[in-house]
Each structure stands twice: as structure tokens, then as C-alpha cells.
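The following exercises concern one protein structure. Please study the sequence and the model, and attempt each task before reading its solution.

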Amino acid sequence: MPRPSEVTVIEVGPRDGFQAEREFIPTAAKIQLINQLVEAGLPEIEFSSFVSPRAVPQLADAAEVFSSIDRSKGTRFSALVPNAKGAARAAEAGIDEIRVFLSASDSHNRKNVNRSVEESLQGFEEVMAVAREAGLPVSGAIATAFGCPFEGDVPVGQVGNVAKRYSELGMVGVSLGDTTGMATPPLVAERCRYLREHVPGLEVTLHFHNTRGLGLVNVMAGLDEGVERYEASFAGLGGCPFAAGATGNICTEDLVYMLHEMGIETGVDLEKLCGAARAIEKVLGRSLPGQVMKAGPRLKLYPMDEVQTAVG
Ligand code: COA
Ligand code: ZN
């Protein structure tokens with residue numbers, strides 16, 4: 001497959017990142033950070049989840065956040081929704097797209113949403129009905145799509161079957177989530193090819209975590225399969241609270257930097273994005289994994305007289 005010349009970068013830090021923080025990030029700070037991401041030109045932002053506030057208290061303010069974010073730039077705002085109740089809350093808030101989610105492996109699905117994969121799928125029929133009524137498109141995420149921390153390998157057919165059901169339910173796309181960083185380039189190629197062959201017409205998005213350092217390498221594997229959509233978190237925030245050993249998403253600035261250096265357009269302003277990444281570091285009061293926000297772009301030049309000359 002030819003590599004795409006343009007890629008859609010989907011910012012998921014305000015959801016995948018904020019949900020994993022121990023401390024509740026104040027609503028006003030969330031709004032300000034999301035507005036910085038909008039300003040940086042990100043075309044799509046997964047800004048929160050309409051899940052049970054008892055399960056994920058960090059995102060209990062989803063509707064409040066949405067009511068105050070900058071919608072003047074045409075950014076597409078989506079949120080995770082686990083059931084019809086979440087879909088109704090999302091529709092009432094007026095978001096642009098609902099994203100349902102389940103895990104390809106039963107054990108992680110039970111940890112995450114307290115039901116089997118089949119039960120989740122059946123529940124999505126109700127979600128689709130609510131979304132249709134509200135005129136909202138629905139896409140579906142598949143967590144543990146490259147491996148499960150409780151079960152190990154996840155057969156590609158298991159991922160394919162869920163994607164097929166998503167397609168039959170009328171969803172517009174599928175996002176393969178590497179919840180605990182178990183993806184490798186051959187697994188990425190295998191899964192992308194399988195979906196292309198068995199579920200054509202369902203738009204594929206890839207969602208990697210950098211848990212084992214292969215995040216951007218996996219993006220390269222996705223690009224080689226022609227995949228045009230990648231999810232990432234600014235500053236490399238992220239991690240699932242219901243998966244052992246989960247760590248940060250691939251970092252949005254580092255991804256955008258790589259794509260631009262490859263001549264692939266994203267429409268994102270890297271400098272402004274780095275500003276948002278530094279701002280979340282300040283809010284959280286700690287250093288985060290993003291690298292380009294610290295090092296700057298490769299052609300950043302340093303005055304020679306500020307650097308010590310080696311002697312001896
Ligand atoms: N929004 C708000 N409240 C919700 C809700 C939603 N989408 N879904 C359920 N609830 C409430 C119910 O009203 C009920 O409240 P009550 O006890 O006051 O009556 C309570 O939550 C339990 O509802 P139930 O349907 O029995 O859910 P559950 O306890 O089996 O939990 C989920 C299932 C899916 C709601 C819960 O596990 C969840 O929200 N998980 C999200 C996990 C997540 O976001 N993971 C990270 C993403 S990878
Ligand atoms: Zn994730």
C-alpha cells in the first residue's frame with residue numbers, strides 16, 4: 001500500500017490521559033488545555049467520556065467541559081460512551097460523534113465495563129438507536145486489539161469479528177486500541193490487512209501506547225498499510241486504569257513531528273501543540289514523556305557561545 005500523503009491526528013489526551021490521573025484535573029484547566037489543542041489545529045479531539053462517574057470520577061464533568069470549549073474552528077469533538085445512558089448524556093450535551101468501546105478479550109472487557117463482549121455488543125444496539133434519534137454518527141473502539149494483559153495473544157479473527165459487528169450495526173469506523181502496548185509491526189500489518197479484506201468500508205484508526213517503546217514504529221507499520229488515522233495524547237499522557245501496566249499513549253507532538261518530517265501533512269501547528277504539552281506538564285506539576293516539546297524540532301539552533309567548549 002502507498003503511504004498516505006495526509007494523516008488525521010486525533011487527540012485523545014483529554015480522555016485517555018486525564019482519566020488515568022490520580023488527581024481530578026479542575027474543569028477550568030481541562031477547558032483551557034482543550035482550547036489550546038483546538039488552537040493548535042487538531043482536527044479531532046476525544047475530549048472526555050460519558051461513563052459512570054463512579055467508575056471514572058476524573059471525567060465526571062464531561063458535559064460541563066463540552067459546554068465551554070471552543071467550537072469555532074470546526075474541530076470534531078467525540079467522547080467515549082459505554083451504554084445507552086452514556087449515549088443519551090452525550091446527545092444532550094450536543095457532541096459531534098459517539099465512540100462506543102469494548103475489549104476484544106472478555107476478561108479485560110469485564111474489568112473495564114463489567115460485562116462480556118457479547119453483552120457489550122448487544123448493548124450497542126440501544127446506543128445506535130439513541131444516536132440515530134439524535135442524528136449522531138457512531139464509531140467503535142476495540143481495546144486490547146493487539147493483546148490482553150490477562151489473556152495474552154488476541155487472535156486477529158476475534159478483532160475482525162467485533163469490527164464486522166460494528167459495521168453491521170451501522171458504525172462509521174473502528175479504532176484498534178493497543179491498551180497495554182502489546183502491538184508490534186507484524187501484528188499491526190496483519191490486523192490492518194485482515195480488516196481491509198474482511199470488513200472493507202469501515203474506516204480504520206490506530207491507537208497505540210508507547211508502553212514498550214514501539215509506538216511510533218507501529219505507526220510506521222500502519223502508514224505502510226495505508227492507514228490515515230492515528231490517535232495520540234499530547235505530552236504522551238495516558239493509560240487505562242483498568243489494565244495492569246498500562247502507560248502513556250504515543251505522544252501527539254512526537255507523532256506530528258515525525259509525520260511532517262516524512263512530508264505527510266496533518267494541518268497541526270507543531271509549535272502551538274508543544275505549548276499545550278508544556279501547559280499540561282505545568283498543570284500536573286511533573287515531567288511527561290513527550291520528547292519534541294523538550295528538544296524542539298531538529299533544526300532548532302543553539303548559539304555556540306552558550307555551550308561550553310571542551311578543554312584538555
Ligand atoms: N453515565 C452515567 N452513569 C451511568 C452510566 C453512564 N454512561 N452508565 C451507568 N451509570 C450509572 C447507573 O445509572 C447506575 O447508577 P445508580 O447505581 O445510581 O443507579 C450505576 O452507574 C451502575 O449502572 P450499571 O448499568 O449497573 O453499570 P455497572 O456498574 O455494571 O458499570 C459501566 C458498567 C459501563 C457503566 C461502568 O463500568 C463504566 O462506566 N465503565 C467505564 C470504564 C472506562 O471508561 N474505562 C476506560 C476506557 S478504556
Ligand atoms: Zn488508550
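**Exercise 1. Two residues with positive phi**

Task: Locate Asn114 in the predicted model, and determine whether Asn114 is buried or exposed.

Solution.
Step 1. Asn114 belongs to the loop between α5 and α6 (117–134).
Step 2. The phi angle of Asn114 is positive, about 65°, although Asn114 is not a glycine.
Step 3. A residue counts as exposed when its relative accessible area is over 50%. The relative accessible area of Asn114 is 69%, and Asn114 is therefore exposed.

Task: Carry out the analysis for Thr144 and decide whether Thr144 is buried or exposed.

Solution.
Step 1. Thr144 is found in the loop between β5 and α7 (156–169).
Step 2. Thr144 is a residue other than glycine, and its phi is positive, near 50°.
Step 3. Buried means under 20% relative accessible area. Because Thr144 has 0% relative accessibility, Thr144 counts as buried.

**Exercise 2. The barrel and strand β5**

Task: State how many strands form the closed barrel and in what order they run.

Solution.
Step 1. The closed barrel has eight strands, in the order β1-β2-β3-β4-β5-β6-β7-β8, and their pairing is parallel.
Step 2. From one strand to the next, the twist averages 25°.
Step 3. As an example of a pair, β2 and strand β3 (residues 76–81) run parallel and are joined by five bridges. Within β3, Arg76 stands opposite Glu44.

Task: Describe the pairing of β5 with β4 and with β6, and identify which residues of β5 point each way.

Solution.
Step 1. Six bridges connect β4 and β5 in the parallel sense. Phe101 has Ala141 of β5 as its bridge partner.
Step 2. β5 and β6 also run parallel, joined by three bridges. The bridge partner of Gly140 is Val174 in β6.
Step 3. Val138, Gly140 and Ile142 point one way from β5, whereas Ser139, Ala141 and Ala143 point the other way.
Step 4. Both sets are buried, in agreement with the count of six buried residues out of six in β5.

**Exercise 3. The zinc ion**

Task: Name the protein donors of the zinc ion (ligand 2) and give their spacing along the chain.

Solution.
Step 1. The zinc ion (ligand 2) has as protein donors Asp16 (OD), His207 (NE2) and His209 (NE2), at 2.0 to 2.1 Å.
Step 2. Along the chain, the donors follow the spacing D-x190-H-x1-H.
Step 3. Both His207 and His209 are buried.

**Exercise 4. The pockets**

Task: Characterise the largest pocket by its volume, its lining and the elements that supply the lining.

Solution.
Step 1. The largest pocket holds about 630 Å³ of space.
Step 2. Its lining consists of 37 residues, and those nearest the centre are Val51, Leu80, Phe101, Asn112 and Val113.
Step 3. Among the elements that each supply at least two lining residues are α1 (13–17), β2 (44–49), α4 (84–93) and β4 (97–103). The greatest contribution is that of α5, with four residues.
Step 4. By class, the lining contains 15 nonpolar, twelve polar and ten charged residues.

Task: Characterise the second largest pocket by its volume and lining.

Solution.
Step 1. The volume of the second largest pocket is about 280 Å³.
Step 2. Of its 16 lining residues, Leu202, Glu203, Val204, Gly226 and Val227 are the closest to the centre.
Step 3. Two or more lining residues come from each of α8 (185–198) and β7 (203–207), and α8 has the largest share, three residues.
Step 4. This lining divides into eight nonpolar, three polar and five charged residues.

Technical notes
Residues are numbered from 1 along each chain as its sequence is written. Chains are lettered from A and ligands numbered from 1 in the order in which they are written. This is a predicted model: local features need pLDDT of at least 70, side-chain atom pairs count only at pLDDT 80 or more; totals for chains, interfaces and linings use all residues. Side-chain values use heavy atoms; hydrogens and water are left out. On a 1 Å grid over the protein atoms alone, a cavity is a set of points where a 1.4 Å probe fits but cannot get out, and a pocket is an open set with protein on both sides within 12 Å along at least five of seven lines; lining residues have an atom within 4 Å of a point. Grid points are joined across faces, edges and corners, and a volume is the space filled by probe spheres set on the points. Ala, Val, Leu, Ile, Met, Phe, Trp, Tyr, Cys and Pro count as nonpolar, Asp, Glu, Lys and Arg as charged, and the others, Gly among them, as polar. Donors are N, O and S atoms within 2.8 Å of the metal (3.2 Å for Na, K and Ca); water is not among the atoms, so sites may look incomplete. Buried means under 20% relative accessible area, exposed over 50%, partly exposed in between (1.4 Å probe, protein chains only). Two strands pair if DSSP finds at least two bridges between them. Axes are lines fitted to C-alpha atoms, for helices over the stretch in contact, and angles run from 0 to 180 degrees between N-to-C directions.
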